[in-house]
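Subject: Structure for your review, with notes on its pockets and one helix

Dear colleague,

I am handing over the structure we spoke of, and my notes on it come straight after. Please read them with the coordinates open beside you.

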Amino acid sequence: MVDDLFPIDWNAFHFLRPQFLWLLLPAAAALTIGLLSIRQEVRWKEIIAPHLRPFVIQSGSERIKFWMHVSGFVVLTFGTLALAGPTWKKVEVPGQDLETPMVILLDLSQSMLAEDLQPNRLERAKFKINDLLEGNPRARAALIGFAGTAHTIVPLTKDYDIILSHIDGLTPAVMPFPGSDLEAALQLADSVMAATDAPGTILIFADDFDDNHFPLLQDYTQRSNNTVEIMAVNTPAGSDVPGVRDDNGEAVYSSLNEQLLSQLASLEKVTVNRLTLDDSDVELISQKVKRNLIYTEQPEETEDDWRDAGLLLVL
């Protein structure tokens, strides 16, 4: 373990953390001050009458203090050099690429402005997405907004802050066409995840699921390796959809279809998650994603890393 570090290759010798070498300056200053103080004591003792020196001066005290200062300086020097991380030998670390994708589909239809959830369904969905990403599921994430059409808001990224910075301004008003085309969103999600062969997770934040969604998701899960997590953002009591009227001029009502959600939950690779007041619902999703992370090993493409030999100085 240690033998392979020697002999030292002085041509490759350097420090991993050279900023710690600045600590040698206060150590040297402390040694200098200590030696000067000993010198002053020696001069003071010369003033004492020779016949009184054996009674007031301890024999060898200067030598003891000198070696104490030198020993302290040596210990601080070795400790500082260890912190600086001396190294002269490379080790090979296999490269890894995170492959697992997670695509968030956010429904931006007009019904998401219903207020059976406070402040409204859309804002509650944004809160949940924020909680999900703060839980650090560690997968590469993308955000797709859909209404009558689907659009990539943020492509796959490891930087969740990018998604969080874009999500606040999303409203139905930014979408070019009204509606709720989940099929278009799923197709776009497949396109976004085409960059990797690793199976991923599609997380759907939406309110209204109808009978057409059962065969849609059934077909999707049968031909795809991806899993689907549904977060139904509405309530059984439901609410009127703001600003939307039917052909008779009546307010359009939107509520949770429990029976249909039970049917969707029966599909393989589909999970229907119940909305909770805390973040336990998205925490379950986050943990599930973490358990299924896939990395691509690249044994032929290795990254050089330097072996820290600072421990040798401590020992």
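What follows covers the chain as a whole, then two pockets, then one helix.

Please keep in mind throughout that this is a predicted model. The chain has 315 residues, of which 38% count as buried, and its secondary structure comes to 10 helices and 12 strands. If one takes the contacts between residues at least 6 apart in sequence, 78% of them join residues that are at least 24 apart. The area that the chain exposes is about 17900 Å², and 56% of this is supplied by carbon and sulfur atoms.

As to the pockets, the largest one holds about 250 Å³ of space. Its lining is made up of 15 residues, and those that lie nearest the centre are S180, D208, D210, N212 and H213. Two elements, α6 (182-192) and α7 (213-223), give two or more residues each to this lining. Sorted by class, the lining of the largest pocket is evenly divided, with five nonpolar, five polar and five charged residues.

The second largest pocket holds about 200 Å³, and 14 residues line it, with S109, Q110, S111, D208 and V241 the closest to its centre. D208 is thus named among the residues nearest the centre of the largest pocket and also among those closest to the centre of the second largest, which may be worth a look when you inspect the two. Here the strands β9 (239-245) and β10 (251-254) each supply at least two lining residues, and β10 gives the most, with three. By class, the lining of the second largest pocket divides into five nonpolar, six polar and three charged residues.

The helix I looked at is α7, which, as said above, contributes to the lining of the largest pocket. Which of its residues are buried? They are H213, L216, L217, Y220 and T221. Seen down the helix axis, these buried residues of α7 fall within an arc of 120°, so they line one face of the helix. In general, an α-helix has 3.6 residues a turn, so residues three or four places apart point the same way. The exposed residues Q222 and R223 are carried on the face of α7 that is turned away from the buried side. The cover over the buried residues of α7 includes the helices α6 and α8 (258-265), together with the strands β7 (201-206), β8 (227-232) and β11 (270-273).

With kind regards

Note on methods:
Residues are numbered from 1 along each chain as its sequence is written. This is a predicted model: local features need pLDDT of at least 70, side-chain atom pairs count only at pLDDT 80 or more; totals for chains, interfaces and linings use all residues. Side-chain values use heavy atoms; hydrogens and water are left out. On a 1 Å grid over the protein atoms alone, a cavity is a set of points where a 1.4 Å probe fits but cannot get out, and a pocket is an open set with protein on both sides within 12 Å along at least five of seven lines; lining residues have an atom within 4 Å of a point. Grid points are joined across faces, edges and corners, and a volume is the space filled by probe spheres set on the points. Helices (H or I, at least four residues) and strands (E, at least two) are DSSP runs, numbered from the N terminus. Ala, Val, Leu, Ile, Met, Phe, Trp, Tyr, Cys and Pro count as nonpolar, Asp, Glu, Lys and Arg as charged, and the others, Gly among them, as polar. Buried means under 20% relative accessible area, exposed over 50%, partly exposed in between (1.4 Å probe, protein chains only). The arc is that of the directions from the helix axis to the C-beta atoms. Contact means heavy atoms within 4.5 Å. Accessible areas come from the Shrake-Rupley method with a 1.4 Å probe; for residues, only the protein chains shown count as cover.
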